[in-house]
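Q: Please take a close look at one part of this model, the buried helix and what surrounds it, and then place that part within its chain. Plain wording is enough.

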Amino acid sequence: MSTQSHIDPPVDLSADPAPAQREPMSRRSVLRGAAVGAGAIGLASVAGITPALASPRPASRPAAGKAGAPAAASADPIVVYLRDAASGELEVFAGNTQVRLHDPAMAARLTRAIR
Amino acid sequence: MSSHREAPEISKDPVADSTDVYAFVSPDRPGTVTLIANYIPLQGPAGGPNFYEFGDDVLYEIHVDNDGDGQPDVTYQFRFRTQLRDRDTFLYNTGPILSLDSPNWNSRQFYTVTRIRHGHTQTLAQDLACPPCNIGPLSTPHYAQLAREAVHHLSGGITVFAGQRAEGFYVDLGSIFDLANLRPFQTLHNQFGMHVFSHNAPGVNATAAVNVHSIAIQVPISALTGSGPVIGVWTSASRQRVQLFDAALDTNLWSGPFHQVSRLGNPLFNEVLVPLGRKDEWNRQPPSDDKQFASYVAHPELAGLLPVLYPGVFPNLAKLVAAGTARADLEAILLTGIPSGIVPGFQNFTGPVLADMLRLNTKIAPSKKPNQLGLIGGDPAGFPNGRRVFDDVVTIELRAIAGVTFPLVDKAFKPDAAAGVVTDGLTAASVPSGYLNHFPYLGVPYSGYDTP
(Lines give C-alpha, C1' and ligand atoms only; values in the text may rest on other atoms or scores of the structure.)
Protein backbone atom coordinates (compact mmCIF):
# COMPACT_ATOMS: atom_id res chain seq x y z
CA MET A 1 0.00 0.00 0.00
CA SER A 2 1.51 3.30 -0.96
CA THR A 3 1.93 6.16 1.42
CA GLN A 4 -0.72 8.03 -0.51
CA SER A 5 -3.41 5.45 -0.11
CA HIS A 6 -5.39 7.36 2.50
CA ILE A 7 -5.12 10.70 0.81
CA ASP A 8 -7.99 11.92 -1.25
CA PRO A 9 -7.22 12.82 -4.86
CA PRO A 10 -6.92 16.48 -5.74
CA VAL A 11 -10.25 18.18 -6.14
CA ASP A 12 -10.80 21.00 -8.55
CA LEU A 13 -12.28 23.89 -6.65
CA SER A 14 -12.62 26.14 -9.64
CA ALA A 15 -16.15 26.84 -8.45
CA ASP A 16 -14.54 28.95 -5.78
CA PRO A 17 -15.90 32.51 -5.75
CA ALA A 18 -14.31 34.92 -8.16
CA PRO A 19 -11.35 36.84 -6.78
CA ALA A 20 -13.36 40.02 -6.42
CA GLN A 21 -15.85 38.32 -4.16
CA ARG A 22 -13.27 37.00 -1.78
CA GLU A 23 -11.99 38.83 1.23
CA PRO A 24 -8.55 40.26 0.66
CA MET A 25 -5.76 38.01 1.90
CA SER A 26 -2.96 39.58 3.82
CA ARG A 27 0.33 37.96 4.76
CA ARG A 28 -0.79 38.01 8.37
CA SER A 29 -3.95 36.07 7.62
CA VAL A 30 -2.01 33.45 5.69
CA LEU A 31 0.53 32.94 8.41
CA ARG A 32 -2.12 32.86 11.08
CA GLY A 33 -3.35 29.80 9.25
CA ALA A 34 -6.58 29.21 11.02
CA ALA A 35 -8.61 31.69 9.02
CA VAL A 36 -7.30 30.49 5.69
CA GLY A 37 -7.51 26.88 6.73
CA ALA A 38 -11.03 27.22 7.98
CA GLY A 39 -11.98 28.54 4.61
CA ALA A 40 -10.26 25.66 2.92
CA ILE A 41 -11.99 23.11 5.09
CA GLY A 42 -15.29 24.77 4.40
CA LEU A 43 -14.71 24.50 0.69
CA ALA A 44 -13.69 20.92 1.12
CA SER A 45 -16.96 20.17 2.83
CA VAL A 46 -18.92 21.74 0.02
CA ALA A 47 -17.00 19.68 -2.46
CA GLY A 48 -17.75 16.53 -0.50
CA ILE A 49 -14.19 15.84 0.54
CA THR A 50 -13.71 13.46 3.38
CA PRO A 51 -10.78 14.08 5.69
CA ALA A 52 -8.00 11.70 4.80
CA LEU A 53 -7.49 10.20 8.20
CA ALA A 54 -9.42 10.23 11.41
CA SER A 55 -6.99 8.26 13.53
CA PRO A 56 -3.29 8.22 14.34
CA ARG A 57 -2.77 5.57 11.70
CA PRO A 58 0.29 5.57 9.49
CA ALA A 59 -0.36 5.17 5.82
CA SER A 60 1.32 1.79 5.76
CA ARG A 61 -1.75 0.00 7.02
CA PRO A 62 -5.32 -0.34 5.88
CA ALA A 63 -7.92 1.67 7.73
CA ALA A 64 -9.27 -0.42 10.54
CA GLY A 65 -11.63 1.64 12.60
CA LYS A 66 -11.07 4.66 14.71
CA ALA A 67 -7.96 4.72 16.81
CA GLY A 68 -7.01 6.77 19.82
CA ALA A 69 -6.88 10.34 18.59
CA PRO A 70 -9.87 12.19 17.22
CA ALA A 71 -10.27 13.75 13.80
CA ALA A 72 -9.55 17.42 13.41
CA ALA A 73 -11.46 19.43 15.96
CA SER A 74 -12.53 22.99 15.40
CA ALA A 75 -9.85 24.19 17.81
CA ASP A 76 -7.05 22.44 15.93
CA PRO A 77 -4.75 24.78 14.07
CA ILE A 78 -4.80 24.35 10.34
CA VAL A 79 -1.69 24.26 8.18
CA VAL A 80 -1.80 24.92 4.47
CA TYR A 81 0.98 23.62 2.23
CA LEU A 82 1.12 25.03 -1.24
CA ARG A 83 2.71 22.06 -2.95
CA ASP A 84 2.72 23.44 -6.48
CA ALA A 85 1.90 27.09 -7.06
CA ALA A 86 1.74 26.64 -10.82
CA SER A 87 -0.94 23.97 -10.76
CA GLY A 88 -2.69 25.16 -7.61
CA GLU A 89 -2.13 21.93 -5.71
CA LEU A 90 -2.58 22.46 -1.98
CA GLU A 91 -2.50 20.19 1.03
CA VAL A 92 -4.36 21.20 4.17
CA PHE A 93 -3.57 19.63 7.54
CA ALA A 94 -5.53 19.74 10.78
CA GLY A 95 -5.44 17.34 13.72
CA ASN A 96 -4.79 13.92 12.27
CA THR A 97 -6.37 14.73 8.96
CA GLN A 98 -5.26 15.92 5.58
CA VAL A 99 -7.05 16.95 2.43
CA ARG A 100 -5.58 17.72 -0.96
CA LEU A 101 -7.10 20.55 -2.93
CA HIS A 102 -6.73 21.89 -6.44
CA ASP A 103 -7.35 25.62 -6.34
CA PRO A 104 -5.25 27.75 -8.71
CA ALA A 105 -6.94 30.95 -7.56
CA MET A 106 -6.14 30.35 -3.90
CA ALA A 107 -2.62 29.33 -4.85
CA ALA A 108 -2.19 32.58 -6.66
CA ARG A 109 -3.48 34.56 -3.68
CA LEU A 110 -1.15 32.73 -1.33
CA THR A 111 1.76 33.34 -3.63
CA ARG A 112 0.99 37.04 -3.86
CA ALA A 113 0.64 37.26 -0.09
CA ILE A 114 3.99 35.74 0.71
CA ARG A 115 6.04 37.65 -1.88
CA MET B 1 24.03 -2.80 14.65
CA SER B 2 20.71 -4.58 14.57
CA SER B 3 18.97 -1.42 13.46
CA HIS B 4 20.52 1.36 15.48
CA ARG B 5 21.07 4.48 13.38
CA GLU B 6 20.79 2.25 10.33
CA ALA B 7 19.44 4.80 7.86
CA PRO B 8 20.53 8.36 7.15
CA GLU B 9 17.29 10.14 8.05
CA ILE B 10 16.24 8.07 11.03
CA SER B 11 19.72 8.34 12.53
CA LYS B 12 18.87 12.01 13.14
CA ASP B 13 15.62 11.14 14.95
CA PRO B 14 16.59 8.79 17.78
CA VAL B 15 13.27 8.77 19.65
CA ALA B 16 11.66 7.27 16.55
CA ASP B 17 14.60 5.00 15.69
CA SER B 18 13.75 1.35 16.33
CA THR B 19 16.78 -0.68 17.32
CA ASP B 20 15.65 -4.25 17.98
CA VAL B 21 12.53 -6.40 17.97
CA TYR B 22 12.11 -9.58 19.96
CA ALA B 23 9.29 -12.13 19.81
CA PHE B 24 9.32 -15.39 21.74
CA VAL B 25 7.12 -17.74 23.67
CA SER B 26 7.58 -16.59 27.24
CA PRO B 27 9.74 -19.17 29.04
CA ASP B 28 8.07 -18.57 32.40
CA ARG B 29 4.54 -18.20 30.98
CA PRO B 30 4.50 -20.53 27.94
CA GLY B 31 0.87 -19.75 27.16
CA THR B 32 1.94 -16.25 26.19
CA VAL B 33 4.14 -14.52 23.66
CA THR B 34 6.40 -11.62 24.63
CA LEU B 35 6.90 -8.87 22.08
CA ILE B 36 9.56 -6.22 22.65
CA ALA B 37 10.39 -3.18 20.51
CA ASN B 38 13.40 -1.10 21.47
CA TYR B 39 13.92 2.55 20.60
CA ILE B 40 16.38 5.41 21.27
CA PRO B 41 19.76 3.76 20.58
CA LEU B 42 23.11 4.07 22.30
CA GLN B 43 22.02 5.91 25.42
CA GLY B 44 24.94 7.03 27.52
CA PRO B 45 23.65 6.26 31.03
CA ALA B 46 24.94 9.56 32.43
CA GLY B 47 23.24 11.62 29.74
CA GLY B 48 21.37 14.09 31.98
CA PRO B 49 19.86 16.34 33.05
CA ASN B 50 17.44 15.66 30.22
CA PHE B 51 17.52 11.91 30.49
CA TYR B 52 16.07 9.80 27.72
CA GLU B 53 12.32 9.67 27.07
CA PHE B 54 9.95 8.31 24.47
CA GLY B 55 8.66 10.88 22.01
CA ASP B 56 5.29 12.35 22.94
CA ASP B 57 4.90 13.13 19.26
CA VAL B 58 5.68 9.61 18.01
CA LEU B 59 3.17 6.84 17.36
CA TYR B 60 4.87 3.59 18.39
CA GLU B 61 3.37 0.32 17.20
CA ILE B 62 4.00 -3.40 17.41
CA HIS B 63 2.29 -5.31 14.62
CA VAL B 64 1.35 -8.96 14.25
CA ASP B 65 0.41 -10.59 10.95
CA ASN B 66 -1.32 -13.94 11.39
CA ASP B 67 -2.47 -14.70 7.85
CA GLY B 68 0.74 -14.25 5.89
CA ASP B 69 -0.11 -11.17 3.85
CA GLY B 70 2.49 -8.90 5.42
CA GLN B 71 -0.24 -6.63 6.77
CA PRO B 72 -1.08 -6.29 10.45
CA ASP B 73 -3.98 -8.26 11.90
CA VAL B 74 -3.28 -7.19 15.45
CA THR B 75 -1.58 -3.92 16.33
CA TYR B 76 -0.65 -2.51 19.72
CA GLN B 77 -0.22 1.25 19.74
CA PHE B 78 1.69 3.16 22.40
CA ARG B 79 1.37 6.94 22.88
CA PHE B 80 3.37 8.79 25.52
CA ARG B 81 2.77 11.93 27.55
CA THR B 82 5.47 13.74 29.50
CA GLN B 83 4.57 15.60 32.66
CA LEU B 84 6.87 18.15 34.24
CA ARG B 85 6.16 18.78 37.90
CA ASP B 86 8.35 21.83 38.41
CA ARG B 87 9.37 24.12 35.58
CA ASP B 88 11.63 26.12 37.88
CA THR B 89 14.37 23.57 38.43
CA PHE B 90 16.92 22.25 35.99
CA LEU B 91 16.92 18.89 37.73
CA TYR B 92 15.39 15.63 36.53
CA ASN B 93 14.87 14.79 40.20
CA THR B 94 15.26 16.83 43.37
CA GLY B 95 15.80 13.91 45.74
CA PRO B 96 15.72 10.11 45.80
CA ILE B 97 13.02 8.56 43.63
CA LEU B 98 11.60 5.80 45.78
CA SER B 99 8.30 5.27 44.04
CA LEU B 100 6.68 5.99 40.68
CA ASP B 101 4.69 8.84 42.23
CA SER B 102 7.64 10.30 44.09
CA PRO B 103 7.36 14.09 44.44
CA ASN B 104 11.11 14.21 43.93
CA TRP B 105 10.77 13.04 40.34
CA ASN B 106 10.31 16.01 38.09
CA SER B 107 10.00 14.73 34.53
CA ARG B 108 7.68 11.73 34.33
CA GLN B 109 6.16 9.84 31.42
CA PHE B 110 2.83 8.08 31.09
CA TYR B 111 1.39 6.10 28.21
CA THR B 112 -1.74 4.74 26.63
CA VAL B 113 -2.00 1.27 25.11
CA THR B 114 -4.46 0.73 22.28
CA ARG B 115 -5.17 -2.48 20.39
CA ILE B 116 -6.47 -2.67 16.84
CA ARG B 117 -7.79 -6.08 15.93
CA HIS B 118 -10.21 -7.13 13.20
CA GLY B 119 -10.89 -3.47 12.48
CA HIS B 120 -11.87 -2.78 16.04
CA THR B 121 -9.93 -0.33 18.16
CA GLN B 122 -9.86 -0.66 21.91
CA THR B 123 -8.00 1.35 24.49
CA LEU B 124 -6.50 -1.21 26.83
CA ALA B 125 -5.07 1.16 29.43
CA GLN B 126 -4.35 4.83 29.99
CA ASP B 127 -1.94 6.81 32.14
CA LEU B 128 0.38 3.89 32.80
CA ALA B 129 3.57 5.05 34.47
CA CYS B 130 7.01 4.58 32.98
CA PRO B 131 9.94 4.13 35.35
CA PRO B 132 12.59 6.84 35.56
CA CYS B 133 15.95 6.39 33.93
CA ASN B 134 18.58 4.80 36.13
CA ILE B 135 20.44 7.82 37.47
CA GLY B 136 22.55 6.49 40.32
CA PRO B 137 22.57 5.29 43.93
CA LEU B 138 21.31 8.58 45.38
CA SER B 139 18.60 9.29 42.83
CA THR B 140 17.34 5.79 42.07
CA PRO B 141 18.63 3.70 44.99
CA HIS B 142 16.30 0.73 44.47
CA TYR B 143 16.08 0.78 40.72
CA ALA B 144 15.15 -2.85 40.09
CA GLN B 145 12.23 -2.58 42.49
CA LEU B 146 11.18 0.74 40.99
CA ALA B 147 11.16 -0.76 37.52
CA ARG B 148 9.14 -3.73 38.73
CA GLU B 149 6.45 -1.29 39.84
CA ALA B 150 6.27 -0.14 36.22
CA VAL B 151 5.23 -3.62 35.05
CA HIS B 152 1.49 -3.26 34.57
CA HIS B 153 -1.01 -6.10 34.43
CA LEU B 154 -4.01 -5.43 32.22
CA SER B 155 -7.21 -7.34 31.69
CA GLY B 156 -7.12 -10.23 29.26
CA GLY B 157 -3.87 -11.60 30.65
CA ILE B 158 -1.79 -8.79 29.11
CA THR B 159 1.32 -7.43 30.80
CA VAL B 160 3.10 -4.26 29.64
CA PHE B 161 6.23 -2.29 30.41
CA ALA B 162 7.66 0.80 28.77
CA GLY B 163 10.89 2.35 29.92
CA GLN B 164 14.64 2.19 30.03
CA ARG B 165 16.49 -1.15 29.89
CA ALA B 166 20.06 -2.29 29.46
CA GLU B 167 20.97 -2.92 25.82
CA GLY B 168 20.71 -6.66 25.31
CA PHE B 169 21.98 -6.73 21.75
CA TYR B 170 25.71 -7.40 21.58
CA VAL B 171 27.94 -6.63 18.63
CA ASP B 172 31.51 -5.60 17.89
CA LEU B 173 30.63 -2.42 16.05
CA GLY B 174 34.18 -1.16 15.99
CA SER B 175 35.45 -4.12 14.06
CA ILE B 176 32.46 -4.63 11.78
CA PHE B 177 32.38 -1.04 10.61
CA ASP B 178 36.15 -1.06 10.16
CA LEU B 179 35.68 -2.86 6.88
CA ALA B 180 34.37 -6.08 8.46
CA ASN B 181 37.63 -6.71 10.24
CA LEU B 182 36.37 -9.39 12.63
CA ARG B 183 38.90 -9.43 15.46
CA PRO B 184 38.99 -13.23 15.96
CA PHE B 185 39.94 -13.57 12.28
CA GLN B 186 41.68 -10.29 11.59
CA THR B 187 44.96 -11.90 10.56
CA LEU B 188 43.03 -13.50 7.70
CA HIS B 189 41.66 -10.13 6.56
CA ASN B 190 43.39 -8.64 3.54
CA GLN B 191 43.97 -5.48 5.61
CA PHE B 192 44.14 -3.65 2.31
CA GLY B 193 47.81 -4.52 2.20
CA MET B 194 48.64 -2.49 5.30
CA HIS B 195 49.64 -5.39 7.62
CA VAL B 196 48.15 -3.71 10.69
CA PHE B 197 47.28 -6.87 12.62
CA SER B 198 49.68 -9.70 13.34
CA HIS B 199 47.51 -11.58 15.81
CA ASN B 200 43.84 -12.26 16.35
CA ALA B 201 41.89 -10.76 19.23
CA PRO B 202 38.68 -11.36 21.15
CA GLY B 203 35.58 -9.40 20.23
CA VAL B 204 34.69 -6.15 21.97
CA ASN B 205 31.06 -5.49 22.80
CA ALA B 206 30.42 -1.91 21.71
CA THR B 207 27.01 -1.89 23.38
CA ALA B 208 28.20 -3.21 26.72
CA ALA B 209 27.45 -0.02 28.66
CA VAL B 210 24.54 1.64 26.90
CA ASN B 211 20.81 1.62 27.48
CA VAL B 212 17.73 1.63 25.27
CA HIS B 213 14.05 2.32 25.79
CA SER B 214 11.89 -0.79 25.56
CA ILE B 215 8.21 -1.25 24.85
CA ALA B 216 7.35 -4.75 26.01
CA ILE B 217 4.00 -6.49 25.93
CA GLN B 218 3.15 -10.05 26.92
CA VAL B 219 -0.03 -11.42 25.39
CA PRO B 220 -1.82 -14.79 25.43
CA ILE B 221 -0.89 -16.71 22.29
CA SER B 222 -4.54 -17.12 21.37
CA ALA B 223 -4.91 -13.34 21.14
CA LEU B 224 -2.33 -13.18 18.37
CA THR B 225 -2.65 -16.26 16.19
CA GLY B 226 -5.01 -16.87 13.32
CA SER B 227 -5.78 -20.23 11.77
CA GLY B 228 -2.16 -21.35 12.12
CA PRO B 229 0.48 -21.12 14.82
CA VAL B 230 2.92 -18.84 12.98
CA ILE B 231 2.87 -15.08 13.45
CA GLY B 232 4.92 -12.35 11.80
CA VAL B 233 6.03 -9.48 14.01
CA TRP B 234 7.47 -6.02 13.36
CA THR B 235 7.48 -2.59 14.90
CA SER B 236 7.01 0.82 13.38
CA ALA B 237 7.25 4.43 14.48
CA SER B 238 5.29 7.19 12.81
CA ARG B 239 5.18 10.95 12.92
CA GLN B 240 2.59 13.43 11.78
CA ARG B 241 3.35 14.93 8.42
CA VAL B 242 3.72 18.55 9.51
CA GLN B 243 5.92 20.00 12.21
CA LEU B 244 5.80 23.75 12.71
CA PHE B 245 7.45 25.81 15.41
CA ASP B 246 4.96 28.40 16.63
CA ALA B 247 7.22 31.17 17.88
CA ALA B 248 4.34 33.11 19.39
CA LEU B 249 3.34 30.15 21.54
CA ASP B 250 6.93 28.97 21.90
CA THR B 251 5.93 25.42 21.07
CA ASN B 252 6.03 22.84 18.32
CA LEU B 253 2.84 22.15 16.46
CA TRP B 254 2.22 18.78 14.83
CA SER B 255 -0.51 18.26 12.30
CA GLY B 256 -1.80 15.86 9.70
CA PRO B 257 -1.93 12.09 9.41
CA PHE B 258 0.83 9.92 10.75
CA HIS B 259 3.32 8.49 8.32
CA GLN B 260 5.84 5.77 9.06
CA VAL B 261 9.45 6.81 9.55
CA SER B 262 10.97 3.65 11.03
CA ARG B 263 10.29 -0.07 11.04
CA LEU B 264 12.04 -3.25 12.05
CA GLY B 265 11.38 -6.96 11.80
CA ASN B 266 14.38 -9.21 11.35
CA PRO B 267 17.58 -7.91 12.92
CA LEU B 268 20.10 -6.37 10.54
CA PHE B 269 17.76 -6.51 7.53
CA ASN B 270 17.81 -2.80 6.76
CA GLU B 271 21.22 -2.36 8.34
CA VAL B 272 23.17 -4.93 6.32
CA LEU B 273 21.09 -5.88 3.30
CA VAL B 274 19.40 -2.71 2.05
CA PRO B 275 21.74 -0.23 0.34
CA LEU B 276 22.32 3.21 1.77
CA GLY B 277 20.33 4.99 -0.89
CA ARG B 278 17.15 3.03 -0.11
CA LYS B 279 17.28 2.58 3.67
CA ASP B 280 14.97 5.47 4.54
CA GLU B 281 12.62 4.43 1.75
CA TRP B 282 12.56 0.94 3.23
CA ASN B 283 11.73 2.41 6.62
CA ARG B 284 8.61 4.02 5.16
CA GLN B 285 7.24 0.84 3.55
CA PRO B 286 5.06 -1.90 5.01
CA PRO B 287 6.40 -5.47 4.97
CA SER B 288 3.83 -6.41 2.34
CA ASP B 289 5.77 -4.31 -0.19
CA ASP B 290 9.14 -5.94 0.48
CA LYS B 291 9.21 -7.74 -2.85
CA GLN B 292 10.91 -4.60 -4.18
CA PHE B 293 13.83 -5.26 -1.80
CA ALA B 294 14.04 -9.02 -2.35
CA SER B 295 17.05 -8.81 -4.67
CA TYR B 296 19.15 -7.48 -1.80
CA VAL B 297 18.33 -10.66 0.13
CA ALA B 298 18.88 -12.97 -2.83
CA HIS B 299 22.21 -11.33 -3.65
CA PRO B 300 23.55 -9.83 -0.43
CA GLU B 301 26.46 -7.44 -0.84
CA LEU B 302 28.23 -8.91 2.18
CA ALA B 303 28.35 -12.38 0.60
CA GLY B 304 30.39 -10.90 -2.20
CA LEU B 305 32.64 -8.97 0.15
CA LEU B 306 33.62 -11.82 2.46
CA PRO B 307 35.71 -13.73 -0.13
CA VAL B 308 37.42 -10.49 -1.13
CA LEU B 309 38.18 -9.30 2.40
CA TYR B 310 39.27 -12.76 3.53
CA PRO B 311 41.22 -14.12 0.54
CA GLY B 312 41.11 -17.89 0.22
CA VAL B 313 38.89 -18.33 3.25
CA PHE B 314 35.53 -18.56 1.50
CA PRO B 315 36.22 -20.25 -1.87
CA ASN B 316 32.88 -22.04 -2.11
CA LEU B 317 30.98 -18.89 -1.23
CA ALA B 318 32.98 -17.07 -3.89
CA LYS B 319 31.87 -19.58 -6.51
CA LEU B 320 28.26 -19.27 -5.39
CA VAL B 321 28.40 -15.50 -5.71
CA ALA B 322 30.23 -15.63 -9.02
CA ALA B 323 27.54 -17.93 -10.42
CA GLY B 324 24.91 -15.35 -9.52
CA THR B 325 22.94 -17.94 -7.61
CA ALA B 326 19.97 -16.49 -5.76
CA ARG B 327 20.12 -17.16 -2.04
CA ALA B 328 16.85 -18.98 -1.61
CA ASP B 329 17.95 -19.93 1.90
CA LEU B 330 18.11 -16.29 2.98
CA GLU B 331 14.84 -15.50 1.23
CA ALA B 332 13.17 -18.26 3.23
CA ILE B 333 14.73 -17.24 6.53
CA LEU B 334 13.98 -13.54 6.18
CA LEU B 335 11.10 -13.10 3.75
CA THR B 336 8.74 -16.10 3.83
CA GLY B 337 9.71 -18.25 6.76
CA ILE B 338 11.08 -21.77 6.42
CA PRO B 339 8.57 -24.23 4.93
CA SER B 340 8.05 -27.64 6.45
CA GLY B 341 10.27 -30.40 5.07
CA ILE B 342 13.43 -28.27 5.08
CA VAL B 343 14.46 -28.58 8.72
CA PRO B 344 13.09 -31.77 10.28
CA GLY B 345 10.24 -31.02 12.67
CA PHE B 346 10.33 -27.29 12.09
CA GLN B 347 8.52 -24.68 10.04
CA ASN B 348 7.68 -21.00 10.40
CA PHE B 349 6.38 -20.45 6.88
CA THR B 350 3.79 -17.73 6.40
CA GLY B 351 3.17 -18.13 2.68
CA PRO B 352 4.50 -16.75 -0.58
CA VAL B 353 4.27 -13.03 0.25
CA LEU B 354 7.81 -11.68 0.59
CA ALA B 355 7.81 -9.64 3.79
CA ASP B 356 10.46 -8.85 6.36
CA MET B 357 8.83 -10.02 9.57
CA LEU B 358 10.16 -11.81 12.60
CA ARG B 359 8.33 -15.13 12.25
CA LEU B 360 7.48 -17.13 15.33
CA ASN B 361 5.94 -20.58 15.40
CA THR B 362 4.11 -20.35 18.70
CA LYS B 363 3.70 -24.13 18.88
CA ILE B 364 7.38 -24.58 19.59
CA ALA B 365 7.92 -24.58 23.31
CA PRO B 366 10.70 -22.61 24.98
CA SER B 367 13.96 -24.53 25.25
CA LYS B 368 14.99 -25.87 28.60
CA LYS B 369 18.60 -25.50 27.49
CA PRO B 370 18.60 -22.59 25.02
CA ASN B 371 21.34 -22.30 22.44
CA GLN B 372 22.07 -18.68 21.56
CA LEU B 373 22.73 -19.72 17.97
CA GLY B 374 19.06 -20.64 17.69
CA LEU B 375 18.03 -22.86 14.81
CA ILE B 376 21.54 -23.25 13.37
CA GLY B 377 22.61 -24.31 16.86
CA GLY B 378 19.90 -26.98 16.97
CA ASP B 379 17.50 -24.91 19.07
CA PRO B 380 14.24 -24.29 17.17
CA ALA B 381 12.94 -21.96 19.88
CA GLY B 382 15.49 -19.32 18.89
CA PHE B 383 16.18 -17.04 15.94
CA PRO B 384 15.03 -17.19 13.19
CA ASN B 385 12.06 -18.69 14.95
CA GLY B 386 11.22 -15.38 16.54
CA ARG B 387 14.07 -13.90 18.50
CA ARG B 388 14.98 -14.16 22.17
CA VAL B 389 16.77 -11.37 24.00
CA PHE B 390 20.02 -13.33 24.23
CA ASP B 391 20.15 -14.80 20.72
CA ASP B 392 23.45 -14.16 18.92
CA VAL B 393 21.88 -12.75 15.80
CA VAL B 394 25.14 -11.25 14.53
CA THR B 395 26.88 -14.61 14.40
CA ILE B 396 23.79 -16.38 13.09
CA GLU B 397 23.35 -13.97 10.21
CA LEU B 398 27.09 -13.80 9.47
CA ARG B 399 27.19 -17.58 9.14
CA ALA B 400 24.00 -17.69 7.11
CA ILE B 401 25.28 -15.08 4.65
CA ALA B 402 28.61 -16.93 4.54
CA GLY B 403 26.73 -19.93 3.22
CA VAL B 404 26.15 -22.22 6.17
CA THR B 405 22.39 -22.34 5.48
CA PHE B 406 22.57 -22.72 1.70
CA PRO B 407 22.54 -26.56 1.90
CA LEU B 408 18.95 -26.23 3.14
CA VAL B 409 18.02 -25.47 -0.45
CA ASP B 410 20.92 -27.13 -2.29
CA LYS B 411 22.26 -30.24 -0.66
CA ALA B 412 25.13 -30.39 -3.15
CA PHE B 413 26.60 -27.17 -1.80
CA LYS B 414 29.43 -27.59 0.69
CA PRO B 415 29.85 -24.56 2.93
CA ASP B 416 33.36 -23.35 3.56
CA ALA B 417 34.82 -24.45 6.86
CA ALA B 418 35.02 -20.80 7.92
CA ALA B 419 31.29 -20.31 7.36
CA GLY B 420 30.56 -22.51 10.34
CA VAL B 421 32.84 -20.66 12.73
CA VAL B 422 32.81 -17.04 11.61
CA THR B 423 31.76 -14.68 14.41
CA ASP B 424 32.44 -11.24 15.80
CA GLY B 425 33.69 -13.01 18.92
CA LEU B 426 30.87 -12.18 21.33
CA THR B 427 28.32 -14.18 23.24
CA ALA B 428 25.41 -13.39 25.55
CA ALA B 429 27.98 -13.42 28.36
CA SER B 430 29.41 -10.25 26.80
CA VAL B 431 26.42 -8.30 28.15
CA PRO B 432 27.43 -7.05 31.63
CA SER B 433 23.86 -6.46 32.82
CA GLY B 434 22.80 -9.97 31.94
CA TYR B 435 19.15 -10.71 31.31
CA LEU B 436 16.10 -11.29 33.47
CA ASN B 437 14.38 -14.66 33.53
CA HIS B 438 11.03 -12.93 33.71
CA PHE B 439 9.20 -10.07 32.02
CA PRO B 440 10.49 -7.74 30.56
CA TYR B 441 13.55 -10.03 30.22
CA LEU B 442 16.04 -7.28 29.30
CA GLY B 443 18.42 -6.39 32.11
CA VAL B 444 18.35 -3.53 34.60
CA PRO B 445 19.68 -0.42 32.84
CA TYR B 446 23.19 0.78 33.56
CA SER B 447 23.17 3.72 35.97
CA GLY B 448 24.70 7.06 35.12
CA TYR B 449 26.77 7.13 38.29
CA ASP B 450 28.26 3.69 37.76
CA THR B 451 28.63 4.03 34.00
CA PRO B 452 29.79 7.58 33.33
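A: The answer below starts with the helix, moves to the core around it, and then follows the strands and loops of the chain.

This is a predicted model. The helix in question is α9 of chain B, which covers residues 393-404. A straight helix of 12 residues would span 16 Å at 1.5 Å a residue, but α9(B) spans only 14 Å between its end C-alpha atoms.

Is this helix buried or exposed? Here 12 of the 12 residues of α9(B) are buried, so the helix is largely enclosed by the rest of the structure. A residue is called buried if 20 or more other C-beta atoms lie within 10 Å of its own. The buried residues of α9(B) include nonpolar ones such as B:Val393, B:Leu398 and B:Ile401, but B:Glu397 and B:Arg399 are on the list as well.

The cover over α9(B) includes three helices of chain B: α6 (301-309), α7 (315-322) and α8 (328-336). The relation with α6(B) can also be read from the other side. In α6(B), the residues B:Ala303, B:Leu306, B:Pro307 and B:Leu309 are buried, and what covers the buried residues of α6(B) includes α7 and α9 of chain B.

One residue shows how these parts meet. B:Leu317 touches B:Ala303, B:Leu306 and B:Pro307, and among its other contacts are B:Ala402 and B:Gly403. The first three of these are buried residues of α6(B), while B:Ala402 and B:Gly403 are buried residues of α9(B). B:Leu317 also touches B:Asp416 and B:Ala419.

These contacts belong to a wider picture. The largest nonpolar core has 110 residues, and those that touch the most other members are B:Val21, B:Ala23, B:Tyr60, B:Val233, B:Phe314, B:Leu317 and B:Ala402. The largest share of this core, eight residues, comes from α9(B). There is also a second, separate core of 12 residues, which includes A:Ile78, A:Val80, A:Val99 and A:Leu110.

Two of the core residues just named, B:Val21 and B:Ala23, lead to strand β1 of chain B, which covers residues 18-25. This strand is mostly covered, as eight of its eight residues are buried. β1(B) belongs to an open sheet of five strands, paired antiparallel in the order β1-β2-β9-β8-β7 of chain B. β1(B) and β7(B) (152-154) stand at the edges with a single partner strand each, so one side of each is left without a neighbour in the sheet. From one strand to the next, the twist averages 15°.

At one edge, β1(B) is joined by seven bridges to β2(B) (residues 32-43), and the two run antiparallel. B:Tyr22 has B:Ile36 as its bridge partner in β2(B). Six residues form the connection of the hairpin between β1(B) and β2(B). At the other edge, β7(B) pairs with β8(B) (residues 158-166) over three bridges, again in the antiparallel sense. There B:His152 stands opposite B:Val160 in β8(B).

Another of the core residues, B:Tyr60, stands opposite B:Phe78 in β4(B). The strands β3(B) (residues 58-65) and β4(B) (residues 74-84) run antiparallel and are joined by five bridges. β4(B) is in turn joined to β5(B) (residues 107-117) by 11 bridges, also antiparallel.

The loops add some details of the backbone. A cis peptide bond joins B:Gly48 and B:Pro49, and B:Pro49 lies in the loop between β2 and β3 of chain B. The peptide bond from B:Phe383 to B:Pro384 is cis too, with omega near 5°. B:Pro384 sits in the loop between β12 and α9 of chain B. B:His118, in the loop between β5 and β6 (120-129) of chain B, has a phi near 50°, which is positive although the residue is not glycine. With 8 C-beta neighbours inside 10 Å, B:His118 counts as exposed.

Finally, here is the chain as a whole. Chain B has nine helices and 12 strands. Its radius of gyration is 22 Å, close to the 22 Å that the globule rule gives for 452 residues, so chain B is as compact as a globular protein of that length. Of those 452 residues, 51% count as buried.

Definitions and conventions:
Residues numbered from 1 in each chain as written. Chains lettered and ligands numbered in written order. Predicted model: local features only at pLDDT ≥ 70, side-chain atom pairs only at ≥ 80, totals over all residues. Pairing = 2+ DSSP bridges. Helix = DSSP H or I, 4+ residues; strand = E, 2+ residues; numbered from the N terminus. Axes fitted to C-alpha atoms, helices over the stretch in contact; angles between N-to-C directions. Expected span 1.5 Å × (residues − 1). Contact = placed C-beta atoms within 7 Å. Core = buried A, V, L, I, M, F, W, Y, C linked by C-beta atoms within 7 Å. Rg over C-alpha atoms; globule rule 2.2 N^0.38 Å. Lists of a residue's contacts leave out its neighbours within four places in sequence.
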